[in-house]
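This report goes through a protein and DNA model, heading by heading. Please keep the sequence and the 3D view open while reading.

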Protein chains: 2
Amino acid sequence: MALGPGRTNGQATPCEFCPLRRRPNLRPFTPDELAFVKTFKSDELRIEPGESFLREGTQSEYLYTVLSGWAFRYKMLDDGRRQILNYALPADMVGLQGTVMREMEHSVEALTPLTLCVFPRSKLWDLYSRFPSLAFDITWLAAREEQLIDSHLVSLGRRTALERTAYLLLHLYVRAEEAGLAKNNAIQFPFTQQHLADTLGMSLVHTNKTLKRLLASQSVRWHNRMFEIINRKLLVEIAGEDMAENRPRPFI
Amino acid sequence: MALGPGRTNGQATPCEFCPLRRRPNLRPFTPDELAFVKTFKSDELRIEPGESFLREGTQSEYLYTVLSGWAFRYKMLDDGRRQILNYALPADMVGLQGTVMREMEHSVEALTPLTLCVFPRSKLWDLYSRFPSLAFDITWLAAREEQLIDSHLVSLGRRTALERTAYLLLHLYVRAEEAGLAKNNAIQFPFTQQHLADTLGMSLVHTNKTLKRLLASQSVRWHNRMFEIINRKLLVEIAGEDMAENRPRPFI
DNA sequence: CGGGTTCTTGACTAGTTTCAAGCAAAGTGG
DNA sequence: CCACTTTGCTTGAAACTAGTCAAGAACCCG
């Protein structure tokens, strides 16, 4: 307990039956690694939508892996302006910064009901000294996160509103697909236009109008949060860049 | 040799006499670590300004630590639009992404004459398995890089042109100061307004005009690339946020 | 002392935000 | 079950911000 927000859920999902591990693009554990991760995971947490379970400016004793649901990382300016930095999907790790740096430099909020595996930072050293393979995986995850933000930075700095919007939706679709959340080029997206606006660095109104333009291109549909790609080639063309998918990846 | 661009320089700077190691904010090595890093470093490279020694889309056999000089990471769009992602100063590591992911997702170009320590990725596993402390340091560096880009993303998404410019100049000044490149609130910056524009996600003209406004505030001076903070409190106020400095940090 | 790069400026155009208002869907409580 | 509130989506107009074009000035290098 005393984990801050959220409801603890004990070891509801034992690592050996981890549903993520069955996904084909996730690298398997050796038996040794599995045994260690079982002891590394100290708890399982349930977070409700809208709840921030990591907060900018606080210290974090834990890092988390998303077991199910969507979350997003964000930063706020003093006057309330918000920038969403990235989204976290199942198998993504959040909170590493807080355990490595002095304190969190961003917050993380649940977008849907969220299940998290909880890992105490106190055992992180153990992981690094006994399981270099897992240490390497953590580095891999950190490098990938950086790479995602890099692309996003290019969008905000150098892409037009339309390109940027197309790129983001394609990006989120591809990641959701990798996480097994999409079928038939369609997915139920959990975010509002305000979330998109705060991700794209645009106003809500302009986001709405840009979205209309994108829908008019007949490359995608989006009604009632249900998103569908109807002409991927065209969407890629508007976004200006395709993105790789389903590369094998680690997770912890 | 066959390292791509740049001129190899052998082991011109032995690790035990590394000039960076003398900086007070950099964590010291144990003798074991030092001995290992000496074998980890395979070469030293000299790069001329304007040369890109890591290129988007290529595979990289090496990672690098900046020994002296400035570099910048950037991405280009097909039509030539460029976004500068971040700058690398002495003690910063670049190229980790290329060794962890399949290939480089960004390029890195020298801004000044640059000296680099070269580490082959083939020995990275050795580092992870034998020196968890150094593995942890690499993770730390990756997490810090991500954190810097996060702040930058907030600038591009949610700060006004003036705030953004003030924030970037303050940020670069603080980092340069940590690297020992500034004295008396002044520093010779190596970049042009075009570099700033490509970092801030603005046009050259608008960057120039915004810079003028910032200079008019009397918080900073900038003539002939010589930058000086004359009213830090005011600059911080315009930037909207101060930044921590001189925290102890690792490097390899 | 040229010739190139960088910096500066003004005028015009395009893109984006803000303001304001209306609508639709979902949730709440008597 | 129906007002009532809340949240999210949509739209138009006005104001502002930023980009583009163009040209000249300043600086830098050989």
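Does A:Cys15 count as buried or exposed? At 13% relative accessibility, A:Cys15 counts as buried, where buried means under 20% relative accessible area, exposed over 50% and partly exposed in between, with a 1.4 Å probe and protein chains only.

## Basis of the model

The model is predicted: local features need pLDDT of at least 70, side-chain atom pairs count only at pLDDT 80 or more, and totals for chains, interfaces and linings use all residues. Residues are numbered from 1 along each chain as its sequence is written, chains are lettered from A and ligands numbered from 1 in the order in which they are written, and side-chain values use heavy atoms, with hydrogens and water left out.

## Cysteines

A disulfide is a covalent bond between the sulfur atoms of two cysteines. Here the criterion is a pair of cysteine sulfur atoms within 2.5 Å, and over all chains the structure holds zero disulfides. For A:Cys15, which is in no disulfide, the nearest cysteine sulfur is that of A:Cys117, 6.2 Å away.

A:Cys117 is likewise in no disulfide. The cysteine sulfur nearest to A:Cys117 belongs to A:Cys18, at 6.1 Å. With a relative accessible area of 8%, A:Cys117 is buried.

## Relation of the two chains

Two copies of a chain are related by a rotation about an axis and a shift along it. In this model, chain B is superposed on chain A by a rotation of 180° with 0.0 Å of shift along the axis, at an RMSD of 0.0 Å. That is the relation of a two-fold axis. The superposition is by least squares on the C-alpha atoms of residues with pLDDT of at least 70 in both copies.

The copies meet through the same surface, because 100% of the interface residues of chain B are also interface residues in chain A.

## Nonpolar cores

In soluble globular proteins, nonpolar side chains tend to be buried together. A nonpolar core is a set of buried Ala, Val, Leu, Ile, Met, Phe, Trp, Tyr and Cys residues joined through side-chain atoms within 4.5 Å. The largest such core has 60 residues, and the members that touch the most others are A:Leu127, A:Ile252, B:Leu127 and B:Ile252. A second, separate core has 38 residues, among them B:Leu170, B:Ala179, B:Phe191 and B:Trp222.

Contact means heavy atoms within 4.5 Å. Not counting residues up to four places away in sequence, A:Ile252 touches ten residues' worth of surroundings that include A:Phe29, A:Val37, A:Phe40, A:Met93, A:Phe119 and A:Leu127. Also touched by A:Ile252 are A:Thr65 and A:Asp137.## Two residues of chain A

A:Arg82 is found in strand E6 (residues 82-88) of chain A; strands (E, at least two residues) and helices (H or I, at least four) are DSSP runs numbered from the N terminus. At 15% relative accessibility, A:Arg82 counts as buried. The side chains of A:Arg82 and A:Asp198 are joined by a polar contact of 2.8 Å. A polar contact is a pair of N or O atoms within 3.5 Å; within protein, one must be able to donate a hydrogen and the other to accept it, and residues adjacent in sequence count only if both atoms are side-chain atoms. Leaving aside neighbours within four places in sequence, the contacts of A:Arg82 include A:Phe72, A:Tyr74, A:His195 and, from the other chain, B:Arg158.

A:Thr39 is found in helix H1 (residues 31-40) of chain A. At 46% relative accessibility, A:Thr39 counts as partly exposed. A polar atom of the A:Thr39 side chain lies 2.7 Å from the backbone oxygen of A:Phe36.

## DNA strand C

A residue is near a strand if one of its heavy atoms lies within 4 Å of it. Of the 13 residues around DNA strand C, those that come nearest are A:Ser203, A:His206, B:Gln193, B:Asn208 and B:Lys212. Sugar or phosphate supplies 70% of the strand C atoms within 4 Å of the protein, and bases supply the rest. Phosphate oxygens of strand C lie 2.7 Å from a polar side-chain atom of B:Gln193 and 3.1 Å from one of B:Lys212. A polar side-chain atom of B:Lys209 lies 3.2 Å from a base nitrogen of strand C.

Helix H7 (204-216) of chain A and helix H7 (204-216) of chain B each supply at least two residues of the surface near strand C. H7(B) gives the most, with four residues.

## DNA strand D

Around DNA strand D there are 13 residues, of which A:Gln193, A:Asn208, A:Lys212, B:Ser203 and B:His206 come nearest. Sugar and phosphate account for 72% of the strand D atoms that come within 4 Å of the protein. A phosphate oxygen of strand D lies 2.8 Å from a polar side-chain atom of A:Gln193. Side-chain N or O atoms also lie 2.9 Å from a phosphate oxygen of strand D in A:Asn208 and 3.2 Å from one in B:His206.

H7 of chain A and H7 of chain B are the elements that give two or more residues to the surface near strand D. H7(A) gives the most, with four residues.
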